[in-house]
Amino acid sequence: MQLKQIGKQLGSIQFLVNILAAGAALATALSFVGSWWWIFAMLEHFRPQYCLLLTIALFLDLINRDPWSNQHFYLLWAIPLAINFSLLLPLFLPSFGHATNSIELRVLHATLDNDNPDVSKAIDYVNNQAPDIVSLLEVTPQSLPQLQAGLTNYQLVIAEPRTTSHGSAWFVSRQPSYPIEVKAAELIHLPPTSSRPILQITITYAGKPIDLLCFHAIRPRSASTVDFQRVEFEALAQWSRQRQAIVVGDFNSTPWYGSFRQMLHQSGLVNSQNGFGLQPTWHGSLLPILRIPIDHCLHSPSIVTIRRTIGSHIGSDHLPLLVTLRI
């Protein structure tokens, strides 16, 4: 009797898993027709979660399958699993860029929370990591003085504080690994018609010129914002051509999203995430398996990522990103 009850419970679990896996398989198919409806395009962002559900369902179906049966229902899970995994695979394969020397640059990016006036955790994190350059988003008129007072080892290069999520700032270490000279700092718009300010700085690092951009894409919440995010990515691709560039920020997009992949192809930029796995940054309060990576560091092919880590909670729904680059 007890074995029958256990069998029924396992059967119920498998049935529930199969229902969820069927949803994941359907979402996988619909994600390729995002041009029909913007909601379908948003389904692209959750491929790691699809992989998890489909893997569990495939495993349960294989171990419970009658060996004498000719039914191949498990293929319903294997095919979409293979599709999703193939799009995630590049993140686990290292890039083969080649830097001509061993000069290292540590860049830290953090998306703050413009609704949280307390940035003490972010200040402590930056000071503990001691990067060479710091990029911050969602900087407000209230948080900027706190940041300047708390980051005593850093010089504010340029800031555009806003009461909305559009504020940003660049800080440079007073004691960098190699000499940093700021050549220019300006506020630009990508595309020019955008109301969102983007901060660009030009530096020489150990005598080598580099353009750095603190990028913040629009959040895709409707058909119009999905379309405009694509325009922003196209403008970013155009900006990055013919530059030795580093772009960090909140892209509000996963690296396997179609528009993001197209932007990488058009720009020639390399995703620093390649070879380091998923490293999800949002939403910080969720379990790691439920998060997605939307904060990124991209760079020119002449630059190589040698270390990349995701930080701890800093009072924001985003987790910070620290990247060590070889110039």
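A disulfide here is a pair of cysteine sulfur atoms within 2.5 Å. With that cut-off in hand, a search of the whole structure, which is a predicted model, turns up 0 disulfides. C297 shows what this looks like up close: the nearest cysteine sulfur belongs to C214 and is 11 Å away, so C297 is in no disulfide, given that the cut-off is 2.5 Å. C297 is nonetheless buried, because its relative accessibility is 1% and buried means under 20%. C51 counts as buried too, because its relative accessible area of 10% also falls under 20%.

Let's turn to the sheets, starting with a general point. Strands of a sheet pair through backbone hydrogen bonds, and they do this either parallel or antiparallel. One open sheet in this model is built from 6 strands in the order 3-4-2-1-12-11, and its pairing is mixed. At its edges are strand 3 and strand 11 (304-310), each of which pairs on one side only. From one strand to the next, the twist averages 15°.

Strand 12 (residues 321-326) is a good place to look inside this sheet. Strand 1 (residues 104-111) runs antiparallel to strand 12, and 6 bridges join the two. Along that pairing, H109 has L321 as its bridge partner, while E104 stands opposite R326. Strand 11 is also antiparallel to strand 12, again joined by 6 bridges, and here I310 stands opposite L321. Strand 12 is mostly covered, with 5 of its 6 residues buried. Helix 5 (residues 120-129) lies across strand 1, strand 2 (133-137), strand 3 and strand 12, and its direction is at about 170° to strand 1.

Out in edge strand 3 (residues 154-160) you will find L156. L156 is partly exposed, because its relative accessible area of 26% lies between the 20% limit for buried and the 50% limit for exposed. Not counting residues up to four places away in sequence, L156 touches L144, Q148, A169, W170 and F171. For a sense of distance, take L156 and A82: they are 74 residues apart in sequence and 47 Å apart in space, C-alpha to C-alpha.

A further open sheet also has 6 strands, in the order 5-6-7-8-10-9, with mixed pairing. Strand 5 and strand 9 (270-271) each have a single partner strand, so one side of each is left without a neighbour in the sheet. Strand 6 and strand 7 pair in the antiparallel sense over 7 bridges, and within strand 7 it is I210 that stands opposite I203.

Two helices lie against this sheet. Helix 7 crosses strand 5, strand 6, strand 7 and strand 8, running at about 175° to strand 7. Helix 8 lies across strand 9 and strand 10 (295-299), at about 15° to strand 10. Helix 7 (residues 223-240) has 18 residues and reaches 26 Å from first C-alpha to last, close to the 26 Å expected at 1.5 Å a residue. Among its buried residues are V226, F233, L236 and W239, along with polar or charged ones including Q229 and E232. The buried residues of helix 7 pack against helix 2 (38-42), strand 5 (180-188), strand 6 (198-205), strand 7 (208-216), strand 8 (245-250) and helix 8 (258-267). Just after helix 7, Q242 takes a positive phi of about 65°.

Finally, consider the nonpolar cores. Which residues touch the most other members of the largest one? Of its 24 residues, they are W170 and I246. Strand 1, strand 2, strand 4 (168-173), strand 6, strand 7, strand 8 and strand 12 each supply at least two residues of this core, and strand 6 gives the most, with 4 residues. Leaving aside neighbours within four places in sequence, I246 is in contact with L105, I210, D211, L212, L213, C297, L298, H299, I303 and L325. The C297 in that list is the buried cysteine from the opening paragraph. A second, separate core of 23 residues includes A235, F251, M263 and L269; A235 is also one of the buried residues of helix 7.

Key: Residues numbered from 1 in each chain as written. Predicted model: local features only at pLDDT ≥ 70, side-chain atom pairs only at ≥ 80, totals over all residues. Heavy atoms only, no water. Expected span 1.5 Å × (residues − 1). Buried < 20%, exposed > 50% of the residue type's maximum accessible area, 1.4 Å probe, protein only. Contact = heavy atoms within 4.5 Å. Pairing = 2+ DSSP bridges. Axes fitted to C-alpha atoms, helices over the stretch in contact; angles between N-to-C directions. Core = buried A, V, L, I, M, F, W, Y, C linked by side-chain atoms within 4.5 Å.
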